[in-house]
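Biologist: I'm new to this one and would like to learn how to read it. Could you put it up and take me through a few features?

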Amino acid sequence: MTEEWLLEVGCTRKQAKAIQRMYENSLEESRRKGNEGDKGKKWALKSALLKSKGGRPYDVDLVAGLFDMDAIQINERGEITEGFQEQEAFLRKDKGYLFEPMEDCREWCKSG
């Protein structure tokens, strides 16, 4: 997740900095606790769902819970390298009602 992307989708600079800081703090805490992979995967998955061009989920936690986390792989920067696109495509096709149109996402980011 990058601050630049958050700004591109319409979040304010203050929102983008806060979200980026929470993400980095969460990864650091996970590293200290030794469960870096699990927590990093969850953050990366939620970030990818929010960044998706097809529109964000109405409930990102619910949708993230439908993913097979064993299939998700992330790199050292916390970016998903495999396992996301196939699962996301299936959920969007099979359970499209869980996602809102992209136009609504931009309005949500601008509202804060």
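Biologist: Let me start with a single residue: where does Glu-100 lie?

Modeller: Keep in mind that this is a predicted model. Glu-100 sits in the loop between helix 5 and helix 6 (102–110).

Biologist: And is Glu-100 buried or exposed?

Modeller: The cut-off for buried is under 20% relative accessible area. Glu-100 has 9%, so it counts as buried. Glu-4, found in helix 1 (residues 3–8), has a relative accessible area of 52% and is exposed.

Biologist: Which residue is 46 residues from Glu-100 in sequence but 8.1 Å away in space?

Modeller: That's Gly-54, with the distance taken C-alpha to C-alpha. Gly-54 belongs to the loop between helix 3 and helix 4, and is partly exposed, with a relative accessible area of 40%. Try Pro-101 as well: its C-alpha atom is 6.7 Å from that of Gly-54, though 47 residues separate the two along the chain.

Biologist: Let's zoom out. What pattern does the protein follow along the sequence?

Modeller: It reads α-α-α-α-β-β-α-α, which comes to six helices and two strands. Of its 112 residues, 36% count as buried. As for contacts, take those between residues at least 6 apart in sequence: 54% of them join residues at least 24 apart.

Biologist: How do I read the sides of a helix?

Modeller: Here's the general idea: an α-helix has 3.6 residues a turn, so residues three or four places apart point the same way. Now look at helix 5 (residues 85–94), where the buried residues are Gln-87, Glu-88 and Leu-91. They span an arc of only 100 degrees around the axis, so they lie on the same side of helix 5.

Biologist: Which exposed residues are on the face of helix 5 turned away from its buried side?

Modeller: Gln-85, Glu-86, Phe-90 and Lys-93 are carried there. On the buried side, helix 4 (60–64) is among what covers the buried residues.

Biologist: What about aromatic rings?

Modeller: A pair of rings is described by the distance of the centres and the angle of the planes. This model has one aromatic pair. The ring centres of Phe-67 and Phe-84 are 5.7 Å apart and the planes are at 5 degrees, so this pair is stacked.

Biologist: Where in the chain do Phe-67 and Phe-84 come from?

Modeller: From distant parts, 17 residues apart. Phe-67 is in the loop between helix 4 and strand 1 (73–74), while Phe-84 is in the loop between strand 2 (80–82) and helix 5. Both of these Phe residues are buried.

Biologist: Which residue lies over the face of Phe-99?

Modeller: Arg-92 does, at 4.0 Å from the ring centre.

Biologist: One last feature, pockets. Which residues lie nearest the centre of the second largest pocket?

Modeller: Ala-48, Glu-79, Ile-80, Thr-81 and Phe-84, out of 15 lining residues. You'll recognise Phe-84 from the stacked pair. The space in this pocket is about 260 Å³.

Biologist: Which elements each supply at least two residues of that lining?

Modeller: Helix 3 (36–51), strand 2 and helix 5 do. Helix 3 gives the largest share, with four residues.

Note on methods. Residues are numbered from 1 along each chain as its sequence is written. This is a predicted model: local features need pLDDT of at least 70, side-chain atom pairs count only at pLDDT 80 or more; totals for chains, interfaces and linings use all residues. Side-chain values use heavy atoms; hydrogens and water are left out. Buried means under 20% relative accessible area, exposed over 50%, partly exposed in between (1.4 Å probe, protein chains only). The arc is that of the directions from the helix axis to the C-beta atoms. Contact means heavy atoms within 4.5 Å. Rings of Phe, Tyr and Trp (its six-membered ring) pair if their centres lie within 6.5 Å; planes under 30 degrees apart count as stacked, over 60 as edge-to-face and the rest as tilted. A charge sits over a ring if NZ of Lys or CZ of Arg is within 6 Å of the ring centre and within 35 degrees of the ring normal. On a 1 Å grid over the protein atoms alone, a cavity is a set of points where a 1.4 Å probe fits but cannot get out, and a pocket is an open set with protein on both sides within 12 Å along at least five of seven lines; lining residues have an atom within 4 Å of a point. Grid points are joined across faces, edges and corners, and a volume is the space filled by probe spheres set on the points.
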